[in-house]
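Let's take a walk through this protein, starting with its open spaces and ending with its charged pairs. Keep the viewer open as you read.

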Amino acid sequence: MCGRYAASRGAGELAEIFEIEKWEPEETLVPDYNVAPTKEVHVVLDRPLKDAEDRRPVRQLRKLRWGLVPSWAKSPEGAARMINARAETVHEKPSYRRAFAARRCILPADGYYEWVTGTQERELEVEGKRKRPRKQPYFVTPADGSVFAMAGLYEFWRDRTLPDDHPRAWWATCSVITTEAEQTPLAGAPAEGPRSLHDIHPRMPLMLTPDRWDAWLDPARTDVDDLRTLLAPPPPGLMRAYPVSTAVSNVRNNGPELLRELPAPEEGTLF
C-alpha cells in the first residue's frame, strides 16, 4: 500500500522534470517529508485550462487533496479510506473506473515509507499474546536518486451545501494506484534486512518510468484495455530500501532528518 510518503522537490524542479507548462505560484507547496492522507499534495496532470478558448490538454502542476472523493459521493467522509486504488481492479471499481478512463495523474515523490513488524513480535501475535508489535519503518526510493513517479487518479466533487462562489464548493482529490510488491532483489540490498520489497509489504505504489508518463497522462486515451497495459510493474531492481527513525510514525514530525538512513536491524530481529 501507500499510506505515507516524502516529497521535497520544488515546483521549478518538477516543472523541468515533467515538462510542465502551467502552475499557479499560490498553489506551490513547501517540501513535505511526511505526507499523510488528507494532506494537500502536488500532482502532475494533462487537462485543458479553465475558461481557455484552446481546449488542448496542458500539462499542469496542481494541488489536490490526497484521498479520492467520487463525483457521485453524498459526502467526502470516506476520503481518508480511499488513498489507494488497486491496479488489478481499478478499471472496474465504481469509485475509480471513471477516473481511470479519463482523469489520471502522477504524484511526484522522493519515495514512500513502509513499516515492518519484527519477527519475534509477529510470533507473539500468532500465539495470541497481546504485546503491541514493534514496527521498523523503511524508506523505499529509486536507487539512482530520480523522482518516484506514482501513478494516480484524480476526481472532482461538488459540495452541494455551499454556494457556487464558495472557495470550498469544489473538491479536487486524488488516489495512488498500488500493485503487488516486487519479489526480486532490491538494488544494493544489505546483508541484513529485507531482500525485496515484498519482504517489507505485499503491496507498493505503482511507479511509472518516464517512457510511460505521456501515455498515462493523455486524457485522449480512454480505452480501458489499452490503459491497463500501462499498469504493468516497472523493471525490477530500480529501488532500494533502508531503515529510518521511528519518528516518521508520528505525522507531526516533518523534516529531512526523517530520511536519514539508520544501521540495519540486528540479524533475526526482523527477518
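Start with strand β5, which gives the largest pocket the largest share of its lining, 6 residues. Before going further, bear in mind that this is a predicted model. The pocket itself has a volume of about 820 Å³. There are 24 lining residues, and if you want to centre your view, pick E27, K50, R62, F156 and A172, which are the closest to the middle of the pocket. Besides β5, the elements that put two or more residues into this lining are β2 (22-23), β4 (40-47) and β11 (170-180). What is the chemical make-up of that lining? It divides into 12 charged residues, 10 nonpolar ones and 2 polar ones.

Now move on to the second largest pocket, with about 230 Å³ of space. Its lining has 18 residues, and A7, L29, V30, D32 and H42 sit nearest the centre. Two or more lining residues come from each of β1 (5-7), β3 (32-35), β4 and β7 (104-109). Here β4 supplies the largest share, with 3 residues. So β4 turns up in the lining of the largest pocket and again in that of the second largest, which you can check by colouring that strand, defined as a DSSP run. The make-up of the second lining is 11 nonpolar, 3 polar and 4 charged residues.

What about enclosed space? Searching the whole structure for cavities of 30 Å³ or more turns up 1. The largest cavity has a volume of about 40 Å³. Its walls are made by D46, A102, R103, R104, Y154, W216, L217, D218 and P219. Sorted by type, that lining has 5 nonpolar residues, 4 charged ones and no polar ones.

Time to zoom out. The secondary structure adds up to 6 helices and 13 strands. The protein has 271 residues, and 48% of them are buried. How do the contacts spread along the sequence? Take the contacts between residues at least 6 apart in sequence: 72% of them join residues at least 24 apart. On the outside, the protein exposes about 13800 Å², with carbon and sulfur atoms supplying 49% of that area.

Next come the charged pairs. Side chains of opposite charge can pair when their charged atoms come close. How many salt bridges does a search of the whole structure find? The count is 14.

One of them joins the side chains of K22 and E24, at 3.4 Å from N to O. Is K22 buried or exposed? K22 falls in between: its relative accessibility is 32%, so it counts as partly exposed. E24 gets the label partly exposed too, because its relative accessibility is 30%. Another bridge brings R56 and D54 together through their side chains, with 3.3 Å from N to O. R56 is partly exposed at 40% relative accessibility, and D54 is partly exposed with a relative accessible area of 46%.

The bridge between R59 and D214 is worth a look of its own. The closest N and O atoms of R59 and D214 are 3.0 Å apart. This pair ties together distant parts of the chain: R59 belongs to strand β5 (residues 58-66) and D214 to helix α5 (residues 210-217), with their positions 155 residues apart. Why does R59 count as buried? Its relative accessibility is 9%, and buried means under 20%. D214, at 48% relative accessibility, counts as partly exposed, because the exposed label needs over 50%.

Salt bridges can also join up into networks, and R9, E13 and D110 are linked in one here.

Finish the tour at S196, in the loop between β11 and α4 (197-200). Is S196 buried or exposed? S196 has a relative accessible area of 5%, so it is buried. Which residues does S196 touch, leaving aside its neighbours within four places in sequence? Its contacts are E182, Q183, T184 and L186.

Notes: Residues are numbered from 1 along each chain as its sequence is written. This is a predicted model: local features need pLDDT of at least 70, side-chain atom pairs count only at pLDDT 80 or more; totals for chains, interfaces and linings use all residues. Side-chain values use heavy atoms; hydrogens and water are left out. A salt bridge is a side-chain nitrogen of Lys or Arg within 4 Å of a carboxyl oxygen of Asp or Glu. Buried means under 20% relative accessible area, exposed over 50%, partly exposed in between (1.4 Å probe, protein chains only). Helices (H or I, at least four residues) and strands (E, at least two) are DSSP runs, numbered from the N terminus. Contact means heavy atoms within 4.5 Å. Accessible areas come from the Shrake-Rupley method with a 1.4 Å probe; for residues, only the protein chains shown count as cover. On a 1 Å grid over the protein atoms alone, a cavity is a set of points where a 1.4 Å probe fits but cannot get out, and a pocket is an open set with protein on both sides within 12 Å along at least five of seven lines; lining residues have an atom within 4 Å of a point. Grid points are joined across faces, edges and corners, and a volume is the space filled by probe spheres set on the points. Ala, Val, Leu, Ile, Met, Phe, Trp, Tyr, Cys and Pro count as nonpolar, Asp, Glu, Lys and Arg as charged, and the others, Gly among them, as polar.
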